[in-house]
Amino acid sequence: MNKQLYRKLALTNLKKNASMMLPYLITCIIVVSFYYIVSSLSMNTQLKTVSSGNFIVDVMKFGSLLFAALSVLFLLYTNSFIMKRRKKELGLYHILGLEKKHIRKVLTWESAITSFCSIASGLIIGVVANQFVTAILSKMIGTKLPFSGAISGPAVVKTIITFVIIFLLSFLYNLRQIHVANPVELLKGGQLGEKEPKAKGLLAGLGLGLLLCGYTLSFLVNNPEKDSNMMLGAVVCVLVATYLLFIAVSIQVLKLLQQNEHFYYKSKNFTLISGMLYRMKQNALGLSNICILSTATLLIMTTTVSLYFGINNTVANELDHDISINAPVADKDKVSKLFKSIDKNINKHSLKRKNVLKYTGGKFAEDLDADGKFEMFFLMRLKEYNHLTRQNMSLSKDEVLIFSEDPTKHSDTLTLGKKKLSVKEYLKKFPIKNNSAGIYGQKWLYIVSPKDGLLADKLSRESNLYYEFDLTGKDQDKSNFSYAISKEAERLGIQFESRSGYHDDLMVRFGGLLFLGMLISIILFMETALSIFYKQISEGYDDQTRFKILKKIGMSQKEIRNTIRRQILIVFFSPLVIALLHLCVALPLVMKLMKIAFMDSWAVTLGSSAVSATVFILIYGAVFLLTERTYRKIVAPSKQ
Amino acid sequence: MTILEVKSLKKIYKTRFRGNQVEALSNISFSVDQGEFIAIMGESGSGKTTLLNIMASLDSPSEGSVLLNGKSYADIREDELSSFRRDNLGFVFQDFNLLDNLNIKDNILLPLVLSNCSRKVMKERLFPLVRKLGIENLMRKFPYEVSGGQKQRTAVARSLITSPSLILADEPTGALDSHSSEELLKLFSELNREGQTIMMVTHSVQAAGCANRVLFIKDGKIICEVSKHSPNEDITQKIFSVLSAISTARETS
Ligand SMILES: Nc1ncnc2c1ncn2[C@@H]1O[C@H](COP(=O)(O)OP(=O)(O)O)[C@@H](O)[C@H]1O
Ligand SMILES: [Mg+2]
């Protein structure tokens, strides 16, 4: 036997198995191209020069790791499916006189050809697509990128190395399959009689209990930062419950339906239920995996989309005004320089100021209620308070006014070391808000003290000037103005924040996240679709005989088609329905998580999840139609 | 009374290779009377299965027609054909064709379930039948848990449960050991004595000997037939001589 023969044999094998191999190869190619794109972004030194570009580089680094991990899992899984189907063919070679070492050589050629093709085409597609993808990324983050997505040598090398390793792994798996199998086993392939699954009442109960438990836990989480254990508990419960749901609950339900004789012994239910029950044992694991992947995809889509479209909400939550400046009172000169520049630029960009707030005060951390923990508070003089609120309140030396962000905290006296202060009034509202600790962050107290008050000496040592205002005018002008002032403030060393600057910053961060989220969703989705496709197809071959017999016994083509359709419909959509249920239940938790990033708009999160779910269902439906067609061709080929 | 009539059947298979044609059946005509037990014999590849499949309406002839109880298969719509098949014909196959995922009871009930019969009818028909076939203790077992003979009796029960006009059996003893074969043939004879019409393809002379008429088929044609003149006549000798005549004819040609 010479080399050429092996190569020829390998090529004919690939051609013969084209319908089986093609979806696998396409997935390989797309995974390779995505991996290249993400790697080239993560290794792009110019990206770091963009503001917040470092964040994108980190995100892409994470992405490339994730892609590699997912590829290992999925390509191996899919490969094992194909291998199972091909065992028979390889067994035949064995019978024809090829030794295992010859089969090994054929397989080596096959792997070499497919690996080379997928890596090469993946890289070509990746390199070509990279320009478009860079353009899309640039659009999404709202920033011009200083590069055009030209070919990146290091990324090419990294991609080749990664996928050569992955394909080598699956090749080794295949060799092992050949090694351990004896020819008779090979010939039999997947067709070994399986016993009907036993009812699993206990496990089913446990599954439902865990699901309820996980859902309840997720509702009980109040503050995701503090209740991370509870959150983890919820995730684990739902994860295990999902497996049990498919492994035990499904069989339990089918058994119950079977026991209901009036239901079971109906033409349209009989073959369906008995078929599903029989299949469920092999199906359960695959279906739970598909369900969990779908849930993950939906959650990733929902969070990244709502972060991106919630940027305005985030900005409004984090910054109270369009422009906020604060500087130590001591830096008076610098401040007046900045103010001059502001006045000049306001006119230049034809903008107007409104809601102007100018005040002095200081941020301090002291233990005010003698519980051993520091309270964060903002201290302000009475004169300023009266000025800001246009009132004329008066306080004696040891009296203060307090506004507390945490309405549950209430006490009539404060202690500060040995000093005792009495609270004259708990204010209902306060004219300023400069706590940027976030929605879950430390709640602040705002304290107003008279000039000669017991706290006043703190302010004489350390007080800041705050200047905040909103702008009216065109968005573009606001943005240009903010940029100009931020440069000036940076030069002077004054702290400056603007909503439009923050907005641009978030566009880059969340745009980058959304970009990666989309790539991950596509990959996860493709791999989900691929595994369900292969599962159905390989089942199709097993079901062939079953439907042949049914036809002989007197089941019409139409009834067979109906049964097939309903069977695939259930197999396909049960994971989707559970995944959508998980998503719905997880939404409150997702919203709580969003608040960590200052996003608290229900509408945005609900909208994003609805859009994600719709897109997901549509593509899923398309995969369903394709799978059903292929399955039907195998199981019940129409005449002629 | 004639229940099945086969009129000048012809079946041509077109193979994919270079449009080659195989004439599996050429001009076959015969009729089956109520209560007959007919065996079909012939070498492998002579067209027996093709004939049976056409009689079963699983396949359609290239020319000619089949009439069951005076009704031509060609006049039955495609979607009605399967329910017609279910109600009028029973099948027994060499490889049993039981469904792995159904227990014995559900396998037997399958044709009734497909016809959406009531539970009452199912129960009324099932118990006498399985008692008669001696498989009443296997109801909850699955096909892979019972012997070949038991599987075949299950298949026979399934074919009988709709009380069909005709039972078609394609080498029903082909996969059975001699003891189980004998049992099955005894069962067929007994069913036939009770009035069941049976048509059976077989290789075994002993099996054919149970029938009251044997058709010999060669290259898609019926070349001769042997019948019993009285129910207890032993025709195995006649069958042997016909078979040897056919094989010597082939050797000389
Ligand atoms: N589906 C088919 N396509 C093409 N030729 C067929 C097909 N089925 C049977 N044949 C051919 O028809 C002839 C008769 O086959 P068959 O009826 O199976 O014979 P038997 O059952 O007597 O062994 C054979 O030559 C066989 O090769
Ligand atoms: Mg045959």
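Which residue forms a salt bridge with Arg86(B)? I began with this pair, in what is a predicted model. I found the partner to be Glu559(A), with the closest N and O atoms 3.7 Å apart. I then looked up where the two residues sit. Arg86(B) belongs to helix H2 (residues 78-88) of chain B and Glu559(A) to helix H17 (residues 557-596) of chain A, so this salt bridge joins two chains. I also noted the accessibility of each partner. Arg86(B) is buried, at 6% relative accessibility, while Glu559(A) is partly exposed, at 23%.

**Entry: the contact between chains A and B**

I next took the interface as a whole. I recorded 25 residues of chain A in contact with 28 residues of chain B. The area buried between the two chains is about 2,500 Å², and 61% of it lies on carbon and sulfur atoms. On the chain A side, I noted that Tyr265(A), Lys552(A) and Ile553(A) lose the most area to chain B, and that together they account for 29% of what that side buries.

I then turned to the polar terms. Between chain A and chain B there are two salt bridges. Besides the pair of Arg86(B) and Glu559(A), I found Glu261(A) and Arg119(B) meeting through their side chains, at 2.5 Å from N to O. I also recorded nine residue pairs in polar contact between the two chains, with both residues at pLDDT 80 or more.

Which helices of chain A each supply at least two residues of the side that touches chain B? I listed helix H9 (261-264), helix H10 (267-309) and helix H16 (499-553). The largest share comes from H16(A), with six residues. By residue class, I divided this side of chain A into eight nonpolar, seven polar and ten charged residues.

**Entry: salt bridges elsewhere**

I searched the whole structure and obtained 20 salt bridges over all chains. One of them is formed by the side chains of Arg353(A) and Asp343(A), at 2.8 Å from N to O. I placed Arg353(A) in strand S2 (residues 352-366) of chain A and Asp343(A) in helix H12 (residues 332-348) of chain A, with their positions ten residues apart in the count. Are these two residues buried or partly exposed? Arg353(A) is partly exposed, with a relative accessible area of 30%, and Asp343(A) is partly exposed as well, at 36%.

In chain B, I noted a salt bridge between Glu233(B) and Lys238(B), whose closest N and O atoms are 3.2 Å apart. Glu233(B) is partly exposed, at 21% relative accessibility. Lys238(B) is also partly exposed, with a relative accessible area of 33%.

I recorded one network in chain A: Arg565(A), Glu628(A) and Arg632(A) are linked by salt bridges.

**Entry: an annotated span of chain A**

I consulted the UniProt record, an unreviewed entry, which lists residues 63-177 of chain A as "domain: ABC3 transporter permease C-terminal". In the model, I found this span to be 87% helix and 0% strand. The C-alpha atoms at its two ends lie 32 Å apart.

**Entry: helix H2 of chain B again**

I returned to helix H2 of chain B, in which Glu78(B) also has its place. Glu78(B) is exposed, with a relative accessible area of 51%, whereas Arg86(B) is buried. I also looked up Glu78(B) against Ser57(B): the two are 21 residues apart in sequence and 10.0 Å apart in space, C-alpha to C-alpha.

**Entry: three loop residues**

Where is Ser601(A) found? I located it in the loop between H17 and helix H18 (602-635) of chain A. Ser601(A) is buried, at 16% relative accessibility. Its side chain reaches the backbone nitrogen of Val604(A) at 3.1 Å.

I then checked backbone angles. Most residues other than glycine have a negative phi. Ser350(A), however, has a positive phi, near 45 degrees. I placed Ser350(A) in the loop between H12 and S2 of chain A, and noted that it is exposed, with a relative accessible area of 56%.

In chain B, Asn116(B) likewise has a positive phi, near 55 degrees. Asn116(B) lies in the loop between helix H3 (104-114) and helix H4 (119-133) of chain B. I recorded Asn116(B) as partly exposed, at 47% relative accessibility.

Note on methods:
Residues numbered from 1 in each chain as written. Chains lettered and ligands numbered in written order. Predicted model: local features only at pLDDT ≥ 70, side-chain atom pairs only at ≥ 80, totals over all residues. Heavy atoms only, no water. Contact = heavy atoms within 4.5 Å. Buried area = accessible area lost by both parts, 1.4 Å probe. Salt bridge = Lys/Arg side-chain N within 4 Å of Asp/Glu carboxyl O. Polar contact = N/O pair within 3.5 Å; in protein donor to acceptor, adjacent residues only side chain to side chain. Helix = DSSP H or I, 4+ residues; strand = E, 2+ residues; numbered from the N terminus. Nonpolar A, V, L, I, M, F, W, Y, C, P; charged D, E, K, R; others polar. Buried < 20%, exposed > 50% of the residue type's maximum accessible area, 1.4 Å probe, protein only. UniProt positions renumbered as here; feature names shortened; annotations may be inferred.
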